[in-house]
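Here are some notes to read alongside the model, set out as numbered points. Please keep the sequence and the structure open while you go through them.

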Amino acid sequence: MKRVVLLGPPGVGKGTQAELISEKYNMLHISTGDIFRANIKEGTPLGKTAKEYMEKGLLVPDELVCDLVEDRLTWDDCKDGYLLDGFPRTVYQAERFDSWLKSRGEDLSVVLDIQASDELLIGRATGRRVCPACGKTYHIVSNPPKTEGICDNCGTALIQRADDAEETVKKRLKVYQDQTSPLIEYYTGTGKIAEVDGAPGLMEVFEQICALLGE
Ligand code: AP5
Ligand code: MG
């Protein structure tokens with residue numbers, strides 16, 4: 001049973017690695033960004049609120065995110081552990097999450113801190129293409145679909161995420177530096193953090209993660 005957090009800047013490969021980890025270790029992948037995007041697509045009240053922040057590259061308010069995650073983690077499918085992608089993202093979220101876990105007698109297994117240079121991150125985010133139907137992620141250079149612009153899985157036309165325009169990516173990087181990077185120190189204090197170099201190719205990054213997670 002593992003409870004794993006993927007920490008790292010926008011575009012570093014959290015979602016990509018989460019898919020690989022979830023398949024190999026049979027772990028449930030929970031991405032707050034994906035939950036918000038699904039709500040935006042469905043036009044729910046949560047989606048309407050989240051959209052206002054996401055399209056500007058800003059974080060959705062802490063209380064809203066924490067309520068959402070705490071609710072999601074009480075579903076039956078989380079009882080054998082989970083992989084959190086994009087949460088927690090502020091010191092407030094991490095502190096509240098820790099108290100919530102503690103109140104349930106639970107603990108995190110590891111926080112994987114994936115890092116790469118800003119130049120690489122901007123290239124990865126702006127070159128990303130996603131399938132609006134099945135959610136599969138591609139990159140126009142490093143991970144292209146077999147047919148340009150078409151999802152390998154389901155044949156749907158790929159789109160660019162609304163917040164992957166270069167100016168918004170730069171804003172998200174700034175928000176990461178200001179609000180999320182302090183979590184590295186926070187988790188170093190708990191002894192739970194493990195560093196992963198996110199710069200090499202995706203399978204090389206995955207090998208580092210497997211070495212940390214064990215068999
Ligand atoms: P979210 O969806 O979490 O976005 P993010 O953190 O900005 O990260 P990304 O999804 O952009 O990148 P990723 O690390 O998953 O990279 P990927 O694997 O796709 O959040 C979006 C928004 O939602 C936030 O801005 C905020 O508004 C809101 N939100 C979400 N959670 C929140 C929270 N907890 N609190 C408040 N607000 C919240 O890879 C990127 C590209 O690179 C892909 O094209 C991929 O194919 C390629 N690639 C990946 N790895 C490699 C590699 N090793 N080599 C070459 N290419 C690679
Ligand atoms: Mg992602």
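1. Which residues of the largest nonpolar core touch the most other members? In this model, which is predicted rather than determined by experiment, they are F36, L73, Y82, L84, F87, F97 and L108, out of the 25 residues that make up the core. At least two residues of this core are supplied by each of β1 (2-7), α3 (45-54), α4 (62-72), β3 (81-85), α5 (91-103) and α8 (182-190). As background, nonpolar side chains in soluble globular proteins tend to be buried together.

2. Apart from the largest nonpolar core lies another one, of 24 residues, and L6, A194, V196 and L213 are among them.

3. To see how one member of the largest core is surrounded, take F87: when its neighbours within four places in sequence are left aside, F87 is in contact with V5, T32, V65, C66, V69, Q93 and F97.

4. For the chain as a whole, the count is nine helices and seven strands. The radius of gyration is 17 Å, close to the 17 Å that the globule rule gives for 215 residues, so the chain is as compact as a globular protein of that length. Along the principal axes, the C-alpha atoms fill a box of roughly 50 × 40 × 35 Å, and buried residues account for 44% of the 215 residues. If one takes the contacts between residues at least 6 apart in sequence, 69% of them join residues at least 24 apart.

5. Is Q179 buried, exposed or partly exposed? Q179 has a relative accessible area of 37%, and because this value falls between the cut-offs of 20% for buried and 50% for exposed, Q179 is classed as partly exposed. Its place is in helix α7, which covers residues 166-180. Although Q179 and T90 are 89 residues apart along the chain, their C-alpha atoms are separated by 5.5 Å. Not counting residues up to four places away in sequence, Q179 touches L59, R89, T90 and V91.

6. The second largest pocket, with a volume of about 200 Å³, is lined by T16, E19, L20, E23, K136, T137, Y138, N143, P144, D152 and L202. Helix α1 (14-25) and strand β6 (137-139) each supply at least two residues of this lining, and the largest share, four residues, comes from α1. By character, the lining residues of this pocket divide into four nonpolar, three polar and four charged.

Note on methods:
Residues numbered from 1 in each chain as written. Chains lettered and ligands numbered in written order. Predicted model: local features only at pLDDT ≥ 70, side-chain atom pairs only at ≥ 80, totals over all residues. Heavy atoms only, no water. Core = buried A, V, L, I, M, F, W, Y, C linked by side-chain atoms within 4.5 Å. Buried < 20%, exposed > 50% of the residue type's maximum accessible area, 1.4 Å probe, protein only. Contact = heavy atoms within 4.5 Å. 1 Å grid on protein atoms, 1.4 Å probe; cavity = no way out; pocket = protein on both sides within 12 Å on 5 of 7 lines; lining within 4 Å. Points joined across faces, edges and corners; volume = space filled by probe spheres on them. Nonpolar A, V, L, I, M, F, W, Y, C, P; charged D, E, K, R; others polar. Rg over C-alpha atoms; globule rule 2.2 N^0.38 Å.
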